[in-house]
Every structure is written in structure tokens, then in C-alpha cells.
Amino acid sequence: MKATPLSNCERRFLLRAIEERKRLDGRQCYDYRNVRISFGTDCGCCVVELGKTRVLAQVSCELVPPKPNRPTEGILFFNLELSPMAAPGFEPGRQSELLVKLNRLIERCLRNSKCIDTESLCVVAGEKVWQIRLDLHLLNHDGNIIDAASIAGIVALCHFRRPDVSVQGEEVTVYTPEERDPVPLSIHHMPICVSFAFFQQGTYLLVDPSEREESVMDGVLVIAMNKHREICTIQSSGGIMLVKDQVLRCSKITAVKVAEITELIQKALENDQKVRKEGGKFGFAESIPNQKITAFKMESAAVDTNSVEEQAEEIITKADPPAEVFARPILHTPGTAQIGEGIENSWGDLEESEREEAAEEEGDSEATAFECREMKTEDTSTMAETKKDEPIVLSDSEEEEVVILEPEELPKKRTQTNSKQETTSKKPFNKRRKKKRAAR
């Protein structure tokens, strides 16, 4: 998976901010991000955080035959891994150009600077020497990998302890930590890398660039130096042309930053050693910040229960007397009653809203009953009229005979709609019958 490139708007915004001497995280041009160092339970294991960039370092050792051309020197091996966990643009199992460049720069910084005494790693000349292996794993990528890796590497090497050995004739004995205390490595100095990003062909300079700033920079200058102001290595990449004054200015800034970081490393090592000697808690789990919400936290206060009885009596005396007690059973509504002591039970009584609803329902029922009575009277009147008329009417006209068949008795119960339909249908027939009689 390829890394997501910056859009033109983001690129122009970053360059415009750099021209105005501003950075996205609020730092000044020469400010370094916060460095945090935490150690694991084993010696030689540490995690270094440079802002949001995190690097895990682990040091291990084993006895191996020495190199033929250097029989009295130990072997140093460095390896840096960029996993997709750190950034989606890194592919596993593939040596990218960035990874090769970073590995070479770390080797030049730690091996070629002679910061570790390799002759002290020799056990038997020409036969057995210690091989020190430093593995660096990038956990999160937020820019400036080389600075975080160099700090993590030198911290892990200073924190590492190798097993003690003894040689008797041709026999080599390796002691466990319980038998003999492990031996630290012989380190002469601490080389630390500091990166500088250049923009617009060296016009603008930033220290410790972030990931977004690295994507828009024209070139980078990396200087490795120790606290004695000795330059261990220097590397420029990106195809920019730098003048002598720019390099000198960067070296002065590097000296200040390296002194601060070296002091921070020494304090972290001393604190970890002190905690281990005192038998305190140590490791990555103890170094994780305890992030808890304490906004509503209250301190526990002691409760005085000596005057509780007196206060209860005062409250009882000041309280209102209880309501009347009904000792006899009271029947409120059929099926409900109150028996025993206590206040009056009003469960069977209706509330005002319920009373109003009941009154409205009674009024509606009376109105419907009155309408039903009126409809019955109308039905009886129509029945009387139909009984007086003849059921069959014959006419001498050329029109067809009209026969009206009506039942002798109408059903007593009729709905309102049926009665209306019948009355409306009977009226035109009665009028027609009267007209025929008048014609006769």
C-alpha cells in the first residue's frame, strides 16, 4: 500500500507557513520535540518516543568466532526494520531505498564512530568473541526516524548487560545473572543524530522535521555528534547546495541539542538503575501514564456519629404531627375497603379530570338516546301512512303497471341509516300515486 500523497493545497499551506516561520505543531524553527525514554524488564530493551515517532530497541549477545582479519575484536551488528504497523507506505520483507539509507547511517554513527570498545568483547583471541546485535523496530512513524533510532540505539547499548565469563585453560564458563552480576558494555561516548530540513533551496531551515514537513522539503542534513562537540558523521541528501556558513550554523545547533539529549539519557539511566536496586516496580507497564478521569473524585471524609441520636430527636420534635388515624373499616367503593390503622385510602375516588370525562360521556349518551327516540317516532308515522294506501295500483294509461310490494310489518329495530334511505325512497312513489288518482 502506497502512502497517501499531499494535495496541492496542503503543500502550498505548509510552504506558506514555513515562510512565515510557523509550524503545524506550534514549535519554533529550532525547537526539538519532546523525548521520552522508557525501559523494559530486561536489560537492553527500551522504547524512545520523539513526539509521536516511536522506536523499540533490543540488544542481545552471543559467543561466536571472530573475523579472521580482526581476531581480538568483537562483532557489532545493527538492523532497522520498518513495518507496515508504523506507516501504511512501508512494505514488509522488502528493502526500500529509505531503509538501506537509514541502516547505513546508523552503522556509520555507532560503529565507525568507535563509541563501543570492541576489544573488550574478546574472550579468547582468535576463538571466541561477543557478538552484540542491536535490533531497532519502528512502531510509529511521524517523521525524523534517524534521530529517534540513534537515540534508541545508544540508550539500549548503555542499558545492556552481558553475562560474565571466565576462562580456565581452554574451558570458557558463562555465568548466569544469579551467579555473577552481568557486565555493562564499555562505551566511550554517545553519538546522537540531529536532522535539519531545508526548503526553497536552503532559504529556510527547520530542526527535527515532522512527516508532513519531510514530504515538502527540498533536502535534509544529518549531523551525528557527541557532547564533546566531536562530529561523528555528517550526511546531506536531496540534491541541495549548502554553503559553509549554513553547515557551521547547523553544527552549532547540533552541539546544543546533543548536550540536552545526553543529559536526559543519563538521568533516565540513573533513575532506572536506582529503581532496580531498591526493588521497585519497573518495565513498560509502569512507564505507561495512568490516564484516569478524576474530575468528580472526592476525598474520603470521616463521619461523626456521636450526636446522631440527639439530631434525630430534634427532627422528630420539629416535624408535623401525623394525620388522623381511622381505626374502623371504611368501604369506599364496591370491592375495595380499608382495614386497620392508617390514613384514609382514596384509591376508589375519581380525580377531577376523570369526573369531567365521565360527565361528558353521560351527556353524549343522553344525546344519542334522544336521537334514537326521534327516529323511532318517524318510523311509526311512516308505517301508519303506508297501511292506509293500497298495495297494488292499476292504471289505464299506456305506461307499464307499477306494483309496489310492501311488507305488512316492519322490523322494530332499524339503524339510523336504513330508516333514512327507506323514507327517502317512499316519498317519490307516494307522490306518483296521488297524481294518478287525481287523473282518474
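Colleague: Which helices and strands each supply at least two residues of the lining of the largest pocket?

Modeller: This is a predicted model. The largest pocket holds about 1,200 Å³ of space. Its lining draws on both helices and strands, with at least two residues from each of these: helix H1 (8–19), helix H2 (97–110), H3, helix H4 (211–216), E13 and E14.

Colleague: Which element gives the most to the lining of the largest pocket?

Modeller: The lining has 41 residues. Six of them come from one helix, and that helix is H2.

Colleague: Which residues lie nearest the centre of the largest pocket?

Modeller: By class, the lining divides into 18 nonpolar, 12 polar and 11 charged residues. Those nearest the centre are Phe90, Leu98, His141, Glu211 and Glu214.

Colleague: Strand E13 is part of that lining. In what order do the strands of its sheet run?

Modeller: The sheet is open and has four strands. Their pairing is antiparallel. From one strand to the next, the twist averages 20°. The order is E12-E11-E13-E14.

Colleague: Why is one side of strand E12 and of strand E14 left without a neighbour in the sheet?

Modeller: Strands of a sheet pair through backbone hydrogen bonds. E12 (204–207) and E14 (231–237) each have a single partner strand, so one side of each has no neighbour in the sheet. The reason is their position: both stand at the edges.

Colleague: How many bridges join E11 to E13?

Modeller: These two strands run antiparallel. One pairing to look at is serine 195, which stands opposite valine 222 in E13. The number of bridges joining E11 to E13 is seven.

Colleague: What is the bridge partner of alanine 224 in E14?

Modeller: E13 covers residues 219–225 and is joined to E14 by six bridges. Within E14, isoleucine 234 is the bridge partner of isoleucine 223. For alanine 224, the partner is threonine 233.

Colleague: Which residue in the turn between E13 and E14 has a positive phi?

Modeller: E13 and E14 form a hairpin. Five residues lie between the two strands. The one with a phi of about 65° is arginine 229.

Colleague: Are the residues of E13 buried or exposed?

Modeller: Two sets of side chains point in opposite directions from the strand. Gly219, Leu221, Ile223 and Met225 point one way, and Val220, Val222 and Ala224 the other. The count is seven of seven, and the state is buried.

Colleague: At what angle does helix H3 run to E11?

Modeller: H3 spans residues 145–159. It lies across E11 (192–199) and E13. Its angle to E11 is about 175°.

Colleague: H3 also helps line the second largest pocket. Which helix supplies the largest share there?

Modeller: That pocket has a volume of about 400 Å³. Its lining has 14 residues, with Cys43, His159, Arg161, Gln273 and Arg276 nearest the centre. By class they are eight nonpolar, two polar and four charged. Five residues, the largest share, come from H5.

Colleague: Is valine 256 buried, partly exposed or exposed?

Modeller: Valine 256 is found in helix H5. Buried means under 20% relative accessible area, and exposed means over 50%. At 43%, valine 256 therefore counts as partly exposed.

Colleague: How far apart in space are valine 256 and lysine 227?

Modeller: In sequence they are 29 residues apart. C-alpha to C-alpha, the distance is 8.5 Å.

Colleague: Which helix gives the most to the lining of the second largest cavity?

Modeller: There are two cavities of 30 Å³ or more. The second largest holds about 30 Å³ of space. It is lined by Leu14, Ala17, Ile18, Lys22, Arg23, Leu24 and Glu213. Three residues of that lining come from H1.

Colleague: What share of the protein chain is made up of buried residues?

Modeller: The chain has nine helices and 18 strands. It is 440 residues in all, and the buried share is 32%.

Terms used: Residues are numbered from 1 along each chain as its sequence is written. This is a predicted model: local features need pLDDT of at least 70, side-chain atom pairs count only at pLDDT 80 or more; totals for chains, interfaces and linings use all residues. Side-chain values use heavy atoms; hydrogens and water are left out. Two strands pair if DSSP finds at least two bridges between them. Axes are lines fitted to C-alpha atoms, for helices over the stretch in contact, and angles run from 0 to 180 degrees between N-to-C directions. Contact means heavy atoms within 4.5 Å. Buried means under 20% relative accessible area, exposed over 50%, partly exposed in between (1.4 Å probe, protein chains only). On a 1 Å grid over the protein atoms alone, a cavity is a set of points where a 1.4 Å probe fits but cannot get out, and a pocket is an open set with protein on both sides within 12 Å along at least five of seven lines; lining residues have an atom within 4 Å of a point. Grid points are joined across faces, edges and corners, and a volume is the space filled by probe spheres set on the points. Ala, Val, Leu, Ile, Met, Phe, Trp, Tyr, Cys and Pro count as nonpolar, Asp, Glu, Lys and Arg as charged, and the others, Gly among them, as polar.
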